[in-house]
Amino acid sequence: MSARALVRTGLARNATPIVLSGSMALIVLATAAANSALLDRTVTEALLRVVFVVGLYIFVGNSGVVSFGHTAFMAVGAYATAWQDCCSMTKSFYMPALPKFMLESTVPPPLATVGSGVFASLFAVAVGVAIIRLSGIGASIATFAVLAIVNVVFSNWDSLTAGTSTVVGIPGYTDHWVGLLWAVIAVAAAHVYQTSRFGLSLRVSREDEVAAKAAGVDIVRQRLIAFVISAFFVGVSGALYAHFLGTISVDAFYLDVTFITLAMLVVGGMNSLSGAVVGVVAVSALIEVLRQLEHGFGVGGITISVPGGTQEIGLGVALLLILIFRQSGITGNREIAWPLSRLMPKPPAEAARAARASASGAADWRLSTVAGGVPARESSEQQQRRGES
Amino acid sequence: MIPILQVLVDAISLGSLYALATLGVGLVFGVLRLINFAYGDFITVASYALILPAAGATAEVFIGRWPWPFLVAAVVLVVVILALVSEFLVFRPLRTAKPAVLMIGSFALGYIIQNAIIVVYNARPKAVGIWSGLGEAIQFGGLRVPGLQIVTIVATLSLLGALVLFLKRSPFGIQMRAASEDFLMARMLGVRGNTVIGTAFVISGFLAAIVSLLFVAQVGVVSFHMGVPLMLFAFIATVIGGMGSLTGAVIGGYAVGFASIFLQALLPEHLRTFRDAFVFAVVIVILLVWPQGLVMSRTARERV
């Protein structure tokens with residue numbers, strides 16, 4: 001195969017992460033050019049949410065199990081950051097229970113970020129071994145229970161987390177470039193994972209648990225793998241968040257974050273990576289526009305502003321409208337491909353594969369359907385049972 | 001002996017409150033497979049219905065001063081209307097959506113209700129005292145039982161009795177049970193889907209109103225997120241009781257109430273602040289031992 005063909009195949013296969021990363025990079029470049037502190041803040045926050053939601057997607061999107069507990073990994077990541085690089089002067093006052101070597105050392109922020117992600121992953125292993133064999137709504141409740149436990153423990157373990165009071169003095173390290181870097185890493189990792197045999201096995205189990213088992217997929221193991229990878233990125237988002245605000249408190253990591261991130265995922269389309277990113281961008285943009293409206297905008301010299309509270313109510317209404325009119329999310333659970341891919345000639349390898357697939361029929365087709373992120377098939381029985389006339 | 005009985009009465013009383021809330025969540029789940037996160041906000045709205053809509057710092061009690069039959073009727077009416085309107089505007093268009101989408105929809109609805117309350121009443125908690133006479137304790141030998149606990153227990157038992165009669169004897173109730181078991185089949189046999197779902201929302205709203213009144217009478221404060229923890233406990237109780245089973249909902253509600261009160265009584269002093277963590281750990285253990293819930297409904301089992 002010629003070098004050109006290799007590049008072409010690579011581009012075609014990795015279209016989703018390339019397009020997503022490219023778009024995020026464009027947004028960041030535009031922000032940097034606009035030179036507005038407010039906009040910069042919004043964009044950085046959105047990038048952190050991308051890291052979180054893509055992390056969440058790695059588990060929820062591929063396994064089909066809705067998790068209410070990922071915010072716990074964010075909390076763990078954020079506090080792990082504080083343990084590593086917060087406030088060398090007051091550390092022994094805030095967190096006297098830390099081991100001595102941690103009290104005396106300060107880890108550089110980039111390293112602390114990775115360390116926090118790893119710590120969140122380890123926590124996920126411990127949690128996952130216990131609860132991951134549950135499925136369906138039971139699993140969702142168990143993840144929620146984990147979040148509640150983390151919240152209660154962090155609020156009351158005063159000697160390690162400063163209780164409900166705010167920890168201040170975490171070095172400010174996160175800016176839009178750092179946010180972009182991690183968002184791109186998260187998207188790339190999610191893509192690599194979901195096209196790997198692990199990701200494919202898990203997606204098969206999402207579509208049909210029984211068939212997956214019959215085909216030899218160890219569902220518990222596959223779910224655990226996804227859970228741990230997913231916790232890493234959510235933990236990193238917590239670390240970045242701590243480095244972004246410089247302060248953390250337990251209350252910031254509870255139901256509000258859980259629901260807004262899940263809403264972003266569902267609004268974008270929960271079974272596709274593109275959906276995760278598009279959902280964050282769409283909802284963040286919506287929040288920002290409503291915030292601006294609340295602030296007031298000038299029309300012909302008069303400042304018009306909508307009454308307070310409109311932002312939240314408007315967000316709720318907009319979410320509902322999107323859900324009602326696009327039940328499978330903005331992306332319809334499909335992945336983004338090259339904008340003009342139909343016009344481009346197919347690279348030879350792809351063409352050959354396509355030909356083989358159409359010749360050999362069902363087996364190949366099935367895999368590529370799952371890999372392509374076609375909407376999860378809801379059992380027709382369930383559709384009908386609720387489909388009211 | 002007396003201390004144990006005291007704890008037991010507390011547990012039954014809290015369990016009753018949770019059981020009522022859980023039934024409200026469970027009934028709707030049964031027919032619609034919807035986990036209604038806005039349920040907590042139905043409870044909140046019921047409490048705010050007691051006071052006049054004003055953004056001031058103190059609460060102007062209005063309906064809350066009425067004689068109790070009128071008070072209960074008015075609050076129930078408000079919540080039932082809210083439940084029916086949300087069914088019509090939000091859950092009916094989403095009826096064919098996936099469970100996760102329905103759930104996020106209900107969350108969005110709850111978010112709207114909470115913020116609407118903030119706009120109308122402001123975000124600060126407000127003191128609202130109703131039925132203050134019920135705070136006084138009644139002596140049974142050495143046992144002191146607050147009147148409110150007796151009211152809670154009696155109200156729960158009579159509502160449960162009425163609900164059982166309704167579900168077993170009335171045509172609506174029978175249709176509703178049929179629909180919980182197999183919605184499609186029930187419809188083919190002539191059960192009207194909209195009526196059944198509407199009825200479920202009416203009863204659910206009714207229960208939310210009662211839970212709310214009992215709760216406010218106990219704590220004396222209303223705030224815009226007061227319903228959320230109640231909803232979460234009800235949600236958990238629904239799952240550990242066995243989704244789709246109404247007996248399970250009641251058992252789950254009592255189980256969560258008992259776990260909270262007994263852990264509070266039995267945990268050593270320095271661990272008491274971690275009580276809720278232990279309650280949730282118990283929840284995880286129950287789920288691991290009985291993944292389908294304590295009472296397994298016939299429909300919950302997945303067919304291949």
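Leaving aside neighbours within four places in sequence, Val54(A) is in contact with Ala186(A), Val187(A), Ala190(A), Phe233(A), Leu273(A), Ala276(A) and Val277(A). Two residues are in contact if their C-beta atoms, placed from the backbone, lie within 7 Å. The model is predicted: local features need pLDDT of at least 70, side-chain atom pairs count only at pLDDT 80 or more, and totals for chains, interfaces and linings use all residues. Residues are numbered from 1 along each chain as its sequence is written, while chains are lettered from A and ligands numbered from 1 in the order in which they are written.

Val54(A) also ranks among the residues with the most contacts inside the largest nonpolar core, together with Val51(A), Ala263(A) and Val211(B). This core has 206 residues. Helix 8 of chain B (residues 193-219) supplies its largest share, 16 residues. A nonpolar core is a set of buried Ala, Val, Leu, Ile, Met, Phe, Trp, Tyr and Cys residues joined through C-beta atoms within 7 Å. A residue is buried if 20 or more other C-beta atoms lie within 10 Å of its own, exposed if 12 or fewer, and partly exposed in between.

Helix 3 of chain A covers residues 37-63. Helices (H or I, at least four residues) and strands (E, at least two) are DSSP runs, numbered from the N terminus. Of the 27 residues of helix 3, 21 are buried. Its end C-alpha atoms are 39 Å apart, in agreement with the expected 39 Å. The expected span is 1.5 Å times one less than the number of residues. Helix 3 of chain A bends by about 40° at Tyr57(A), the bend being the angle between axes fitted to the seven residues ending there and the seven starting there. Gly64(A) follows the helix, with a positive phi near 80°.

Between the chains, 38 residues of chain A are in contact with 40 residues of chain B. Helix 8 of chain A gives the most to the chain A side, with ten residues. That side divides into 24 nonpolar, eight polar and six charged residues. Here Ala, Val, Leu, Ile, Met, Phe, Trp, Tyr, Cys and Pro count as nonpolar, Asp, Glu, Lys and Arg as charged, and the others, Gly among them, as polar.

Chain B contains eleven helices and four strands. Of its 304 residues, 49% count as buried. Its C-alpha atoms fill a box of roughly 55 × 45 × 35 Å, taken along the principal axes.
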